[in-house]
Amino acid sequence: MSASVPRLVIAAPSSGSGKTTVATGLMAAFAARGLAVSPHKVGPDYIDPGYHALATGRVGRNLDAYLCGPELVGPLFLHGARGCDIAVVEGVMGLYDGAAGEGELASTAHVAKLLGAPVVLVVDASSQSRSVAALVHGFASWDPEVRVGGVILNKVASDRHEELLREALEQAGVPVLGVLRRAPQVDTPSRHLGLVPVAERRTAAVEAVAAMAAQVSDGCDLGALEALARAAGAVPGGSAPWTPASPAHHPPRSDEGLTPPSGPAPSDKRRAPVVAVAGGSAFTFSYAEHTELLTAAGAEVVTFDPLRDEELPEGTAGLVIGGGFPEVYASELSANEPLRKAVAELAGSGAPVAAECAGLLYLCRELDGLPMCGVLDASARMSERLTLGYRDAVAVGDSVLAAAGTRMRGHEFHRTVVEPGSGPEPAWGVRTPRPRVEGFVQRGVHASYLHTHWASEPGVAHRFVERCRTS
């Protein structure tokens, strides 16, 4: 595919400015014009891509320069944008906000530079008029390598307010590409970890996305936005699209120089082991590349819903339980005793089980006093404290996912506590923000709070699938 796919990055001075509304509405508006739209999200967010998928009919994908490394941002972008007419990338936090203590790393500005993409700045104008020019000028001039190609004014109160804002922005030299009035119908409900996922409110989410599309179509110059995207040029560095069949764009990171087993080649004709992947409303956090990597490694991936299915998929040889909101569905998960027993039996047999965050809670004895699978000798409960941030980790010992010494980067995002926080054989030694061990390695089980992106470490999926074959 061409490395010059038209693209825009939708950014903002701060969180809460309306990035998700504008990005999702723009994706849907472009799609309504007959364009094949590739949706992307900067950072580790799992929820916004669900709304992006509704808007475009394509899988929402993440671009995270911390989890995957800057060198994979371009290839992963091109992989997701394959066959598309235009790509829209929603930023994270404020334009220049990145990983704590790491400068610009993983910021929206960093990703925009890696992609060579123009930035459209969404500004909440609800409490300002002339000052908007100083704000936009500051963001546009802060880093000369970041091209702010236009601004969309959000939450504009009236025609007179719009007139004042436009007059002020003429002095900033940044074109106004859209003006949006306040519109409660586009709001999406939130709770303790952000927006409520699409899987939990599909009908209402479809209506909200349609409202976003209508608002953006009515208030923005779609022609000018498309023209800006088409002026982006080639992705810098001559990047080729990432492919799950040959994901090794960089060597594995290992403190001891150990390379995880590569597993079978994509052409391997041996039996395809069934890998069951938890889905449904309780387990909505996953990266599309994980399933693609498992499939490319030779697995037959089958999704199941722990809220409804009383059995694991037929022939299950391995189990992947990602993140989500088991605390919201604790009663229903606990009530599905047949599946809890099936998971415990599979884990007890030594079969590979990979669990992240929500999956970790599901494997505990109990969650908020309700019985869970009992695979781990630990209990979980809700907490008032938010644990949030990137983590630099190293595998403490060998597991179904990684060889001892393998380095990976992860992200924690939860309001729960697991006691104890690690087993006799921890999953990870975490270096940031303070040295500690966390998680559990127990026979074939690898359970941890850390969300990781397997594209960053070529051996993970192949190692897991090979263990499914041999366990």
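Helix α1 passes helix α2 in a right-handed crossing, a term used when the near helix is turned clockwise from the far one by less than a right angle, with anticlockwise called left-handed. Helices (H or I, at least four residues) and strands (E, at least two) are DSSP runs, numbered from the N terminus. Please keep in mind that this is a predicted model, in which local features need pLDDT of at least 70 and side-chain atom pairs count only at pLDDT 80 or more, while totals for chains, interfaces and linings use all residues. Residues are numbered from 1 along each chain as its sequence is written, and side-chain values use heavy atoms, with hydrogens and water left out.

Let us stay with this pair of helices. α1 and α2 (residues 48-56) pack at an angle of about 20°, and their axes are 8 Å apart. That makes α1 roughly parallel to α2; angles under 35 degrees earn that description, those over 145 count as roughly antiparallel, 65 to 115 as roughly perpendicular and the rest as oblique. Axes here are lines fitted to C-alpha atoms, for helices over the stretch in contact, and angles run from 0 to 180 degrees between N-to-C directions. On the α1 side, Thr20, Thr24, Met27, Ala28 and Ala31 meet Asp48, Tyr51, His52, Ala55 and Thr56 of α2, where contact means heavy atoms within 4.5 Å. By class, this contact has five nonpolar, four polar and one charged residues. Nonpolar covers Ala, Val, Leu, Ile, Met, Phe, Trp, Tyr, Cys and Pro, charged covers Asp, Glu, Lys and Arg, and the others, Gly among them, count as polar.

α1 (residues 19-32) has another partner in α8 (residues 222-230), packed at about 95° with the axes 11 Å apart. That makes α1 roughly perpendicular to α8. Here Leu26, Ala29 and Phe30 of α1 meet Leu222, Leu225 and Glu226 of α8, a contact with five nonpolar, no polar and one charged residues.

Now for the sheets. One is an open sheet of seven strands in the order β3-β2-β4-β1-β5-β6-β7, with parallel pairing; two strands pair if DSSP finds at least two bridges between them. Its edge strands, β3 (61-63) and β7 (176-181), each pair on one side only. Neighbouring strands are turned by 25° against each other on average, direction ignored. Within this sheet, three bridges join β1 (residues 7-11) to the parallel β5 (residues 119-124), and Ile10 has Val120 in β5 as its bridge partner. Helix α3 (residues 70-80) packs on the sheet, touching β1, β2, β3 and β4.

A further open sheet has six strands in the order β11-β10-β12-β13-β21-β20, with mixed pairing. β11 (300-304) and β20 (440-442) stand at its edges with a single partner strand each, so one side of each is left without a neighbour in the sheet. Four bridges join β10 (residues 274-278) to β12 (residues 316-321), which run parallel, and Val275 stands opposite Gly318 in β12. Helix α13 (residues 459-470) lies across β10, β12 and β13, at about 145° to β12.

How far can you trust the picture? The predictor's confidence in each residue is the pLDDT, from 0 to 100. Its mean for the protein is 91, and 91% of the residues reach 70 or more. Over residues 248-267, though, the pLDDT is below 50. Where pLDDT is low, the predicted coordinates should not be read in detail.
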